[in-house]
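Visitor: I would like to go through the labels used for this model and hear what supports each of them.
Guide: Then ask about them in turn.

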Amino acid sequence: MKDILASITRLRSDRGWTEYQLAERSGLPQSTISSWYRKNMIPTVPSLEKICDAFGITLSQMFAEGDTPVSLTPSQKKLLENWSRLTPEVQDALLELMNKI
């Protein structure tokens with residue numbers, strides 16, 4: 001899975017923005033953005049949409065590997081949103097379970 005926090009950091013750095021500037025442009029509290037990094041959490045889909053709007057990109061562009069755009073279905077968006085609420089340990093356990101299926 002793509003490292004979304006690394007992508008956000010890269011996009012922010014490319015623009016010379018601080019976390020505070022990203023918060024201002026996205027309408028999200030800076031404390032929310034900082035907590036993603038402190039807790040190594042994936043942002044929810046609604047938060048990612050605000051981040052993408054601030055960067056002037058689509059969700060597809062955020063998740064794209066290379067130059068290939070990705071479209072998320074509504075069920076994939078819901079899955080990602082629920083995934084972001086899980087602890088890293090639960091995420092690892094689910095990935096292990098899925099690999100065994």
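Visitor: Why are H2 and H3 called oblique to each other?
Guide: In this predicted model, the axes of H2 and H3 cross at roughly 125 degrees. Angles of 65 to 115 degrees count as roughly perpendicular and those over 145 as roughly antiparallel. The angle of H2 and H3 falls in neither range, so the two helices are oblique to each other. Their axes come within 8 Å, and the crossing is right-handed.

Visitor: Which residues make the contact of H2 with H3?
Guide: H2 brings Glu 19, Tyr 20, Leu 22, Ala 23 and Ser 26, while H3 brings Gln 30, Ile 33, Ser 34 and Tyr 37. By class, five of these are nonpolar, three polar and one charged.

Visitor: What makes Ser 26 a buried residue?
Guide: The relative accessible area of Ser 26 is 9%. The cut-off for buried is under 20%, so Ser 26 is buried. This serine is found in helix H2. Apart from neighbours within four places in sequence, Ser 26 is in contact with Ile 33, Lys 50, Ile 51 and Ala 54. Asp 3 is 23 residues from Ser 26 in sequence, and their C-alpha atoms are 20 Å apart.

Visitor: Why is Asp 3 called partly exposed?
Guide: Asp 3 has a relative accessibility of 48%. Buried requires under 20% and exposed over 50%. The value for Asp 3 meets neither condition, so partly exposed is the label. Asp 3 lies in the segment before H1. Its C-alpha atom is separated by 22 Å from that of Gly 27, 24 residues apart along the chain.

Visitor: How do you know that H1 and H4 are roughly parallel to each other?
Guide: Helix H1, residues 4-15, and helix H4, residues 45-55, pack at an angle of about 25 degrees. Angles under 35 degrees count as roughly parallel, so H1 and H4 are given that description. The axes are 11 Å apart, and the crossing is left-handed.

Visitor: Which residues of H1 and H4 make the contact?
Guide: On H1 they are Ile 4, Ile 8, Leu 11, Arg 12 and Arg 15; on H4 they are Leu 48, Ile 51 and Phe 55. The classes are six nonpolar, no polar and two charged residues.

Visitor: Is Ser 7 buried or exposed?
Guide: Ser 7 has a relative accessible area of 6%. With the limit for buried at under 20%, Ser 7 is therefore buried. It lies in helix H1. Leaving aside neighbours within four places in sequence, Ser 7 is in contact with Lys 2 and Met 62.

Visitor: Which residues of H4 are buried?
Guide: They are Val 45, Ser 47, Leu 48, Ile 51, Cys 52, Ala 54 and Phe 55. Their cover includes H1, H2, H3, H5 and H6. After H4 comes Gly 56, whose phi is positive, near 75 degrees.

Visitor: What makes Trp 17 and Phe 55 a stacked pair?
Guide: Their ring centres are 5.4 Å apart and their planes lie at 15 degrees. Pairing needs centres within 6.5 Å, and stacking needs planes under 30 degrees apart. Both conditions are met, so the pair is stacked. A search of the whole structure finds one aromatic pair. Trp 17 is in the loop between H1 and H2 and Phe 55 is in helix H4, 38 residues apart.

Visitor: Why do Trp 17 and Phe 55 count as buried?
Guide: The relative accessible area is 13% for Trp 17 and 5% for Phe 55. Buried means under 20%, so the label applies to Trp 17 and to Phe 55.

Visitor: Why is Asn 40 called exposed?
Guide: Asn 40 has a relative accessible area of 56%. The cut-off for exposed is over 50%, so Asn 40 is exposed. Asn 40 lies in the loop between H3 and H4. Its phi is near 50 degrees, a positive value in a residue other than glycine.

Visitor: How do you know that Ser 35 counts as buried?
Guide: Ser 35, in helix H3, has 14% relative accessibility. That is under 20%, so Ser 35 counts as buried.

How values were computed. Residues numbered from 1 in each chain as written. Predicted model: local features only at pLDDT ≥ 70, side-chain atom pairs only at ≥ 80, totals over all residues. Heavy atoms only, no water. Axes fitted to C-alpha atoms, helices over the stretch in contact; angles between N-to-C directions. Helix = DSSP H or I, 4+ residues; strand = E, 2+ residues; numbered from the N terminus. Left-handed = near helix turned anticlockwise from the far one by under 90°. Contact = heavy atoms within 4.5 Å. Nonpolar A, V, L, I, M, F, W, Y, C, P; charged D, E, K, R; others polar. Buried < 20%, exposed > 50% of the residue type's maximum accessible area, 1.4 Å probe, protein only. Phe/Tyr/Trp six-rings, centres within 6.5 Å; stacked < 30°, edge-to-face > 60°.
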